[in-house]
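Trainee: I'd love a close look at the helix packing in this model. Could you walk me through it slowly?

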Amino acid sequence: MDSLHEFDTNTDSASINFSTNSIITHTNTNTNPINTSAHNLASSSSSSTLSRYENQKRRDWNTFGQYLRNHRPPLSLSRCSGAHVLEFLRYLDQFGKTKVHTQLCPFFGHPNPPAPCPCPLRQAWGSLDALIGRLRAAFEEHGGKPEANPFGARAVRLYLREVRDSQSKARGISYEKKKRKRPPQPPAALPPPSNASQ
């Protein structure tokens with residue numbers, strides 16, 4: 001793990017403030033968390049060549065790095081485990097925008113409740129799943145070994161499965177994978193008939 005590049009430490013850890021503006025936008029990936037012209041100007045040259053996925057992955061990686069630096073005690077990436085990743089995912093729930101009904105709620109299992117309820121807001125399972133996928137890829141791109149990847153830990157996979165199942169029941173939404181329909185293949189062209197009279 002010695003070859004693993006640590007996070008950029010230019011940011012003063014005392015000045016980092018986690019808020020809904022600085023956290024990852026995995027509940028709605030259509031919005032940019034930082035909409036300042038200074039940020040757009042500073043990153044326009046580098047982000048113009050990167051895809052939306054790559055930009056999101058970089059933001060997620062930086063946010064996870066901030067989380068590790070703000071951890072008490074601060075954690076280095078080389079000491080990060082699946083348990084720390086789970087702690088990070090639970091931490092993100094405070095910024096969630098998805099209503100997850102409790103079993104005592106009269107709207108438990110209803111995808112479109114007719115009235116408001118006091119149930120908590122959480123990160124949606126799909127957002128967490130996509131986030132972990134990006135962080136898993138970023139870890140290996142920064143020199144981490146696949147077998148030591150904390151984002152691919154069994155505990156993380158089990159947690160995501162548990163979140164998916166519980167949110168599916170609470171919200172009445174099925175998360176079954178949709179089978180991709182293949183377009184019908186055109187019939188193979190027949191070879192032109194050979195002219196035997198020639």
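Mentor: Happy to! An axis here is a line fitted to C-alpha atoms, taken for a helix over the stretch in contact, and the angle between two axes runs from 0 to 180 degrees between their N-to-C directions. Keep in mind that this is a predicted model.

Let's start with helix α2, residues 52–70, and helix α4, residues 125–141, whose axes lie 9 Å apart and pack at an angle of about 80°. Angles of 65 to 115 degrees count as roughly perpendicular, so α2 and α4 are roughly perpendicular to each other. On the α2 side, the contact is made by Tyr 53, Glu 54, Gln 56, Lys 57, Asp 60, Trp 61 and Phe 64. From α4 come Leu 131, Gly 133, Arg 134, Leu 135, Ala 137, Ala 138, Phe 139 and Glu 141. Sorted by class, the α2–α4 contact has eight nonpolar, two polar and five charged residues.

Two of those α2 residues deserve a second glance. The side chains of Glu 54 and Lys 57 form a salt bridge, with 3.2 Å from N to O. Both residues sit in helix α2, three residues apart, about one turn of the helix. The structure holds four salt bridges.

Now follow the chain into the loop between α2 and α3, where Pro 73 is found. Arg 72 and Pro 73 are joined by a cis peptide bond, with omega at about -5°. For context, most peptide bonds are trans.

Beyond that loop, helix α3 (residues 82–92) packs with helix α5 (residues 154–171) at an angle of about 30°, their axes 8 Å apart. Because angles under 35 degrees count as roughly parallel, α3 is roughly parallel to α5. Here α3 contributes Gly 82, Val 85, Leu 86, Leu 89 and Arg 90, and α5 contributes Ala 155, Val 156, Tyr 159 and Leu 160. The classes in this α3–α5 contact are seven nonpolar, one polar and one charged.

Helix α5 also leads us to the second largest pocket: seven residues of its lining come from α5, the largest share. That pocket has a volume of about 240 Å³. It is lined by 14 residues, of which Val 100, Arg 122, Val 163, Ser 166 and Gln 167 are the closest to its centre. The lining divides into six nonpolar, four polar and four charged residues.

Notes. Residues are numbered from 1 along each chain as its sequence is written. This is a predicted model: local features need pLDDT of at least 70, side-chain atom pairs count only at pLDDT 80 or more; totals for chains, interfaces and linings use all residues. Side-chain values use heavy atoms; hydrogens and water are left out. Helices (H or I, at least four residues) and strands (E, at least two) are DSSP runs, numbered from the N terminus. Angles under 35 degrees count as roughly parallel, over 145 as roughly antiparallel, 65 to 115 as roughly perpendicular and the rest as oblique. Contact means heavy atoms within 4.5 Å. Ala, Val, Leu, Ile, Met, Phe, Trp, Tyr, Cys and Pro count as nonpolar, Asp, Glu, Lys and Arg as charged, and the others, Gly among them, as polar. On a 1 Å grid over the protein atoms alone, a cavity is a set of points where a 1.4 Å probe fits but cannot get out, and a pocket is an open set with protein on both sides within 12 Å along at least five of seven lines; lining residues have an atom within 4 Å of a point. Grid points are joined across faces, edges and corners, and a volume is the space filled by probe spheres set on the points.
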